[in-house]
Structure formats: C-alpha cells, structure tokens
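Student: I'd like to learn how to read helix packing and burial in a model. Could you walk me through one?

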Amino acid sequence: MKKSQWYSDQWGKPTHDDRLLFLLLTVGVFQAGLSWQAAAGKRTVFERNFCGMDFRKVAAFFPEDVEQIAKDPEMIRNHRKIKAVVQNARAIVGLLDDYDSFAAYLWDFVGGVPILHTYEMSDEVPNTLPEATVIAKDMKKRGFTFVGPVVTCMFLKAAGIIQDQVMA
C-alpha cells in the first residue's frame, strides 16, 4: 500500500484501536494549516518519531525528544505541533483513570454507535458539527491541545465515530 493511500482506505471506518486513534489525532494536529492528505502522507514519519504511536511512551518524552523530532528532515517540523502530540499523549494517559481506553472515552460520547449525517450534495458536508464541538471542549478540559472543533470533527470522521453519507 502506498504511504499516502492508507488514509483513504482507513477514512471513516470505525476503529477502537488506541494506536490508530492516536495516529489519526496526530494527523489532525498536523493537518491544521495544511491538508488532511498532506499530513496523512507522513504516517510512517509519525510512527517512527512517536514510538509506533504508543501514547504511553510518547507521554514520557522530554523537551530534548521534541528537539530531536524537529530535526528529522521528513517531519513536519512545527515545534508547537510536535509538543501538542506529546501533550495529547499525556492527556490520553490521564483518561485511563476514568476509561479503559482512549477508544472507550471517544465512543462513550456516541453511545458506542457511529453518528450518521446524511446530505444531498457533497458541498453540504460541514467541516464542524455540534457533536464535535462538545467533544473538542471536553478534550480541551482534559488537557488535549490543537483540538478545536474543525480538527476534532475531521478526526472523528476519520475514526468513523461520525460518518457522512452523501446521496448525490
């Protein structure tokens, strides 16, 4: 599979895999100001730099680790976004006091069933939804960063938690 192909194969498929959810959230963080496809094309770079998307290991990173990642010529070298990934990993670890997994936390918002929105035309599909705004606010309250309503909406759609169906 081409490295830029995985996101189209994954996009919108419901997942309960914490590593994949952390990867999709990381893509969301890095896509801010870019495109989802450009950030998703860095999957192997993210996996290499973020310990195979093991959020427990990433949560233990030090500032030196962030600097080392920023030196990777294949990486999107935005220090704020790299730090956000580390902070988000720490926030996921914090969730484990109340939830069995990151997936359990996210899927709890939708009662374990994907939310389906139906549209007549593709240009009607919004880039944010009320459900995503609620989840983004809760994530921020729990210490996540770079998780505004648009990034969170795209992340939830990529993870299949929110799904769009276009009729035409």
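Tutor: We'll take a helix pair, then a helix face, then some single residues. This is a predicted model, where local features need pLDDT of at least 70, side-chain atom pairs count only at pLDDT 80 or more, and totals for chains, interfaces and linings use all residues. Residues are numbered from 1 along each chain as its sequence is written, and side-chain values use heavy atoms, with hydrogens and water left out.

Student: How do I describe two packed helices?

Tutor: In general, you give the angle between their axes and the distance between the axes. Here, take α9 (residues 130-141) and α10 (residues 149-158): their axes come within 8 Å and cross at roughly 110°. That makes α9 and α10 roughly perpendicular (65 to 115 degrees). Helices here are DSSP runs (H or I, at least four residues), numbered from the N terminus. Axes are lines fitted to C-alpha atoms over the stretch in contact, with angles from 0 to 180 degrees between N-to-C directions.

Student: Which residues of α9 and α10 make the contact?

Tutor: With contact meaning heavy atoms within 4.5 Å, α9 brings A132, T133, I135, A136 and M139, while α10 brings P149, T152, C153, F155 and L156. Eight of these residues are nonpolar, two polar and none charged. Nonpolar covers Ala, Val, Leu, Ile, Met, Phe, Trp, Tyr, Cys and Pro; charged covers Asp, Glu, Lys and Arg; the others, Gly among them, are polar.

Student: And how do I spot a helix face?

Tutor: An α-helix has 3.6 residues a turn, so residues three or four places apart point the same way. Look at α6 (residues 63-70), where V66, I69 and A70 are buried (under 20% relative accessible area, 1.4 Å probe, protein chains only). Seen down the axis of α6, the buried residues fall within an arc of 100°, so they line one face. That arc is taken from the directions from the helix axis to the C-beta atoms. On the other side of α6, E64 and Q68 are exposed (over 50%).

Student: What do the buried residues of α6 pack against?

Tutor: They pack against α4 (43-49) and α7 (79-95).

Student: Is Q31 buried or exposed?

Tutor: Q31, in helix α2 (residues 18-31), counts as buried at 10% relative accessibility. Leaving aside neighbours within four places in sequence, Q31 contacts W36, A39 and V151.

Student: Which loop residue has a phi near 65°?

Tutor: That's M53, a residue other than glycine with a positive phi. M53 sits in the loop between α4 and α5 (55-59) and is buried, at 2% relative accessibility.

Conventions
Helices (H or I, at least four residues) and strands (E, at least two) are DSSP runs, numbered from the N terminus. Angles under 35 degrees count as roughly parallel, over 145 as roughly antiparallel, 65 to 115 as roughly perpendicular and the rest as oblique.
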